Amino acid sequence: MRNFASIPAMRRQAQAWRTEGLTIALVPTMGALHEGHAALIRTARRQADKVVASIFVNPIQFGPDEDFVRYPRDMKTDRHLCRAWGVDAVFAPAARAMYANDHSVFVEETALRRTLCGRTRPGHFRGVATVVLKLFNIVAPHTAVFGQKDFQQVAVVQRLVRDLNVPVAIVAVPTVREKDGLAISSRNARLTSEQRRIAPCLWAALQAARRLCRAKPRSSAAVGKTIRKIIRAQGAYSAVEYIETVCPRTLHPVQTVKQGTLIALAVQIGDVRLIDNLVV
Ligand code: AMP
């Protein structure tokens, strides 16, 4: 497995593979790798001859009060895992290599960001879209693989490649969960044992909402109430940031939740922010 921190060296490797007629799949990550990332890498290996995993905690997608500093980092373990999972190259640039002091060009998606995490994390998707386009320009992948756990992120990246004619195919992978249903996330490591015990209530609540809407369509308010009740029952640890019911294509809010509606939520458990979603 090759390791690259330098942008020109990564680009040279990618171009060499392309010259040989090999295809490249990119899996962008922020490290602290887990089974969710492993699923993305497995998918990437099926998609292309060479797999590049990028590991970069992107400073510009974190707000000033968010967990950029506290975000878990473990480069040594990440490299071991990437090797074990059959990654061909890890691209882990320094922030100063990615962003010049006077960096002043950003990619802004202006519609999909109006709901869900975009509402509570202003600037987040601008940071995501900017770093994703930069990674595409450096790694020149044929395909890039993302997780549906970050449903809105996938939607924004799909819109980015469509609207800016970026020649990269976007593949989305279903959310990988712990046995008790909790969506696997690098942030789970920051939960205390008590918080970890109650965290599966997010998935339990989403499933209860799905059951509720299976028999007949329900109002968004009824769905929100069902979810809130299940999460509140877990005690004062958690604060609901949002529960939204939207069209999965446009991310526009819908009043009636029926088959095909996306239910997404963000909940703060202690000081750890967790997100999850499902399509009814
Ligand atoms: P992150 O390192 O958290 O930025 O995530 C990197 C990629 O892995 C993103 O495309 C995420 O959506 C995806 N991902 C994170 N957790 C999971 C999971 N539990 N299941 C599937 N994909 C995931």
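How many nonpolar, polar and charged residues does the shell around the ligand have? By class, eight residues of the shell are nonpolar, seven are polar and two are charged, where Ala, Val, Leu, Ile, Met, Phe, Trp, Tyr, Cys and Pro count as nonpolar, Asp, Glu, Lys and Arg as charged, and the others, Gly among them, as polar.

The model is a predicted one, in which local features need pLDDT of at least 70 and side-chain atom pairs count only at pLDDT 80 or more, whereas totals for chains, interfaces and linings use all residues. Residues are numbered from 1 along each chain as its sequence is written, and side-chain values use heavy atoms, with hydrogens and water left out.

**View 1. The shell around the ligand.** Of the 17 residues around the ligand (a heavy atom within 4 Å), those that come nearest are His37, Gly147, Asp150, Val176 and Ile184. At least two residues of the shell come from each of β2 (24–29), α2 (35–47) and β5 (143–147), and α2 gives the most, with three residues; helices (H or I, at least four residues) and strands (E, at least two) are DSSP runs, numbered from the N terminus.

**View 2. Polar contacts of the ligand.** Pairs of N or O atoms within 3.5 Å count as polar contacts. Oxygen atoms of the ligand are approached by a polar side-chain atom of Asp150 at 2.6 Å and by a backbone N or O atom of Gly147 at 2.9 Å, while a backbone N or O atom of Ile184 lies 2.8 Å from a nitrogen atom of the ligand. The protein covers 94% of the 480 Å² of accessible area (Shrake-Rupley method, 1.4 Å probe) that the ligand has on its own.

Conventions: A polar contact is a pair of N or O atoms within 3.5 Å; within protein, one must be able to donate a hydrogen and the other to accept it, and residues adjacent in sequence count only if both atoms are side-chain atoms.
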